[in-house]
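User: I am new to this structure and should like to go through it by question and answer. Please show it to me.

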Amino acid sequence: MHILVTGAAGFIGSHLSQRLIAEGHCVTGLDNLDPFYSVALKRRNLAEIALSGDQFRFIEADLRDDHALDEALQGVDVVVHLAAMAGVRPSIERPLAYVDVNLAGTVHLLEAMRRHDVRRLVFASSSSVYGDQRKVPFSEDDSVDRPISPYAASKKAGELICHTWHHLYGLTVACLRFFTVYGPRQRPDLAIAKFTALIDHGDEIPFFGDGTTSRDYTFVDDTVAGVSSAVGWTGAETPQYAIFNLGNSSPVPLSHLVELISRAVDKPAILKHFPVQPGDVETTYADTRKAAAALAYAPKISIEEGISRYVSWYRALEAGTGRT
Ligand SMILES: NC(=O)c1ccc[n+]([C@@H]2O[C@H](COP(=O)([O-])OP(=O)(O)OC[C@H]3O[C@@H](n4cnc5c(N)ncnc54)[C@H](O)[C@@H]3O)[C@@H](O)[C@H]2O)c1
């Protein structure tokens, strides 16, 4: 199959592209190398994908560039749409950018898919759509009408707009709600990447709340295995629309996460305490039974194993030898 991966130069997109190439697919990646974080990291991710084989072509372009989308969609069977402004806290600073890329950008893509008669889409949504829900685990049937950040609202809006193109034009859409994905190449703004570097350098780590907030951290290999299954799921004969949680069903409190990283880095964590941030939720916890049944989704990597793999990768990178 020929698969278009938007956001291919990013953290999840680069791992996914490598996996799809290894599975024998042809991948076109589209990414504008947004400077939200280091462009050098994104170029390194692209170089790693290129090493996976010659079944990869890259288009550096913005999702909202219709001509680029027309070029990118030539011969494509399935689209995996990962390109987005990501991150909860920055979305409070720049809400318009989030609406523009995550919502308007998604409509540019859906319209281009309609023009090119590409009918299979996997859309990257987020556990943040559950808002500050206390009922756990989070199930796809729970009401998600109370997002508490512009980012979360933009992801929920993305799910809705994809449903509209499913209804009007017969697209088959799998919306995947990712739960805090981590692993090698993780976005530097996310907790595990940030804490590892700060602890290693002997710097204070910003510690929000009393340490009881928890996240359902999911190792990136498990997430991309789920995305790859969803690519197959979109091949159903009649148009389908479904939402799946891709989490680990094992929330980890912040204080335990810091302990694990400190142990793996073998240095003490120096905490600088702050109150819980606006937009942050208390917990995330995925009910993954629906994904298990439909996508054979079965996450395998424990947080202990995942942190150990992340820190090994970090060490190799710091030593300058790192294949990522
Ligand atoms: N990492 C997580 O924990 C997590 C959790 C839930 C959902 N998600 C979603 O998964 C997807 C991938 O996340 P990630 O962590 O790999 O983030 P990332 O920032 O590493 O990757 C996103 C990529 O999209 C690109 N991009 C941004 N705006 C673009 C535009 N206008 N045109 C073209 N490309 C553009 C960026 O340059 C980047 O390479 C995103 O949709 C994100 O919202 C991630």
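User: By class, which residues make up the shell around the ligand?

Analyst: This is a predicted model, in which local features need pLDDT of at least 70, side-chain atom pairs count only at pLDDT 80 or more, and totals for chains, interfaces and linings use all residues. Residues are numbered from 1 along each chain as its sequence is written. A residue belongs near the ligand if its C-beta atom, placed from the backbone, lies within 6 Å of it, and 27 residues surround the ligand, the closest being G7, G10, F11, L63 and A84. Ala, Val, Leu, Ile, Met, Phe, Trp, Tyr, Cys and Pro count as nonpolar, Asp, Glu, Lys and Arg as charged, and the others, Gly among them, as polar; the shell has 14 nonpolar, seven polar and six charged residues.

User: Which element gives the most to the shell around the ligand?

Analyst: Elements are DSSP runs numbered from the N terminus, with helices (H or I) of at least four residues and strands (E) of at least two. Helix 5 (95-115) and strand 5 (120-126) are among those giving two or more residues. The most, three residues, comes from helix 1.

User: Is V311 buried or exposed?

Analyst: V311 is found in helix 11 (residues 303-318). A residue is buried if 20 or more other C-beta atoms, placed from the backbone, lie within 10 Å of its own, exposed if 12 or fewer, and partly exposed in between. V311 has 20 C-beta neighbours inside 10 Å, and therefore counts as buried.
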